[in-house]
Amino acid sequence: VDAVEGMCARTHQVLREAHSHQLVPLLVINKLDRLCTDLCLTPTEAYVRIRNLIESVNAASAAMLLSKKHENENDEKDDGNNKAEHKEQPQDKDNNKNSDAMDEEEIMWTFEPPKG
């Protein structure tokens, strides 16, 4: 992600592609020097700009994960409608597993400076 330009359409596309291939995400912020040279930001202003950039990447990742989650839920509902509806199956364990998997995925796709 360019430090000055921020997120662009290509960034969103790369995030979706990485997620579909189950890759571990890595955030690289390019051209940090331009914050001071081109935009003449103070170190504090540059920090705030970078922090906002990280937050926007996290928001895009969260939106993508939420969208995928809704797609999966809709697929599961469609599959459930195709099966015999009178059969009762314990779904609490499956829901907990899905929830845990989503939590782990959300943690993996959230960027924080202390996390590295």
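In this predicted model, Arg34 and Asp2 form a salt bridge, with their closest N and O atoms 3.6 Å apart. The contact joins distant parts of the chain: Arg34 belongs to helix α2, whereas Asp2 sits in the segment before α1, and 32 residues separate the two. Arg34 is partly exposed, at 24% relative accessibility. Asp2, in contrast, has a relative accessible area of 10% and is buried, because the limit for that class is under 20%.

Asp2 has a further partner in Lys31, and here the closest N and O atoms are 3.3 Å apart. Asp2 precedes α1 (9-20), while Lys31 lies in the loop between α1 and α2 (33-37), so this salt bridge ties together parts that are 29 residues apart in sequence. Lys31 is partly exposed, with a relative accessible area of 43%.

Arg34 likewise takes part in another pairing. Its side chain meets that of Asp38 in a salt bridge, at 2.8 Å from N to O. Asp38 is partly exposed as well, its relative accessibility being 47%.

The structure holds three salt bridges, and Asp2, Lys31, Arg34 and Asp38 are linked by such contacts in a network. Following the links from one end, Lys31 pairs with Asp2, Asp2 with Arg34, and Arg34 with Asp38. Within this chain of contacts, the buried residue Asp2 is bonded to two partly exposed partners, Lys31 and Arg34.

Terms used: Residues numbered from 1 in each chain as written. Predicted model: local features only at pLDDT ≥ 70, side-chain atom pairs only at ≥ 80, totals over all residues. Heavy atoms only, no water. Salt bridge = Lys/Arg side-chain N within 4 Å of Asp/Glu carboxyl O. Helix = DSSP H or I, 4+ residues; strand = E, 2+ residues; numbered from the N terminus. Buried < 20%, exposed > 50% of the residue type's maximum accessible area, 1.4 Å probe, protein only.
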